[in-house]
Amino acid sequence: MYYSEMVDYVQPGISAPAFVVEAKIQDAVIQFCEETGLWVVDLPAIDTVIDEGTYDISSTDGIINSVLSVKDENEYELAFIVAEDFSSITLNSIPSSVFEITPKVVLIPEIDGGEFPDFIYLRHREAIIAGARYKLFEMPNRSWSNDNEAAKALIKFRNGIARANQSTLLGRKKESFVRIVPFV
C-alpha cells in the first residue's frame, strides 16, 4: 500500500497539504509497526561457517526492528545475541559443523520508502488513519491544529495499537523446543 493512497481517507476536515498528510501517514504507520511488532518475516536462510559465530542480517523489505528467533534447519530455536543496530546475530554456541539458520525478525517501513505491507492496511486501516489524524491535529500553529480532535484521534490510535498487540499475543505461539548446542 502506498502512503499516497491513504491521503483521501485522512484528509477530510484537515486543510493540510497532501504531502504533509502523506508524511504523517508514514509517521503513523512506522509508529504502529514499532509498537505492535506485526510485520514479522523469516529472513533468507544463512549457511553457518565452522568456528564462526557472528552473521550479518538485513532485509530489503524494511528496517529490522527486532529479532524474535533464530532456528536451525530442523526448526530448533538457537540461543543468540543481537547487535545493538540489528545488523548481525551472534550464536551463543559456535558451530562445529555447517548448517542453515533462519532468523525471524520484526520489520518497520523504510523512512524514505513510499509504501508499507498491504496486510497492515487491510487489518488496521482505522488505527493508521486515526494515528495520522492525531499527528496532523497535534501540529502546533497550523490552521488545522486542534487539541480536542488530536485527543480523540490519539485515543482511537492507541486503542488500535492495543487491539493489534492483543491479537499478536494471542496469535503467536511460543516454540516449545530449544536445542542447546555446547560450545566447541
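So, helix α3 first: it bends by about 90 degrees at His124. Keep in mind that what we have here is a predicted model, so that bend is a feature of a prediction. Now, is α3 mostly enclosed or mostly open to the outside? Of its 20 residues, 14 are buried, so the rest of the structure largely encloses this helix.

That brings me to the inside of the protein. As a general point, nonpolar side chains in soluble globular proteins tend to be buried together. Here, the largest nonpolar core has 52 residues, and the ones touching the most other members are Ile25, Phe32, Ile101 and Leu136. Which elements feed into it? At least two residues each come from α1 (7–10), α2, β4 (63–72), β6 (88–91), β7 (100–108), α3 (118–137) and α4 (147–171). Our bent helix, α3, gives the largest share of this core, ten residues.

Let's zoom in on Ile101 for a second. Setting aside residues up to four places away in sequence, Ile101 touches quite a list, including Pro44, Val70, Leu78 and Leu91. Tyr55 and Ile89 are on that list too, and those two are worth remembering, since Tyr55 stands opposite Ile89 in β6.

Okay, on to the sheet. It's an open one with three strands, ordered β3-β6-β5, and the pairing is antiparallel. At the edges you find β3 (54–56) and β5 (80–82), each of them pairing on one side only. Ignoring direction, neighbouring strands in this sheet are turned against each other by 25 degrees on average. If you look at β3 and β6 specifically, they pair over three bridges, in the antiparallel sense.

Last stop, helix α2, and two residues that I'd like you to find on the screen. Start with Lys24, which lies in α2. Buried or exposed? With a relative accessible area of 19%, Lys24 counts as buried, because the cut-off is under 20%. Beyond its neighbours within four places in sequence, Lys24 is in contact with Ala132, Lys135, Leu136 and Met139. Leu136 you've already met, as one of the core residues that touch the most other members.

The other residue is Gln26, also found in α2, which covers residues 18–36. Gln26 is buried as well, at a relative accessible area of 14%. What does its side chain reach? The backbone oxygen of Gly113, at 3.2 Å. Again leaving out neighbours within four places, Gln26 is in contact with Tyr3, Glu110, Ile111, Asp112 and Gly113.

How values were computed:
Residues are numbered from 1 along each chain as its sequence is written. This is a predicted model: local features need pLDDT of at least 70, side-chain atom pairs count only at pLDDT 80 or more; totals for chains, interfaces and linings use all residues. Side-chain values use heavy atoms; hydrogens and water are left out. Helices (H or I, at least four residues) and strands (E, at least two) are DSSP runs, numbered from the N terminus. Buried means under 20% relative accessible area, exposed over 50%, partly exposed in between (1.4 Å probe, protein chains only). A polar contact is a pair of N or O atoms within 3.5 Å; within protein, one must be able to donate a hydrogen and the other to accept it, and residues adjacent in sequence count only if both atoms are side-chain atoms. Contact means heavy atoms within 4.5 Å. A nonpolar core is a set of buried Ala, Val, Leu, Ile, Met, Phe, Trp, Tyr and Cys residues joined through side-chain atoms within 4.5 Å. The bend at a residue is the angle between axes fitted to the seven residues ending there and the seven starting there. Two strands pair if DSSP finds at least two bridges between them. Axes are lines fitted to C-alpha atoms, for helices over the stretch in contact, and angles run from 0 to 180 degrees between N-to-C directions.
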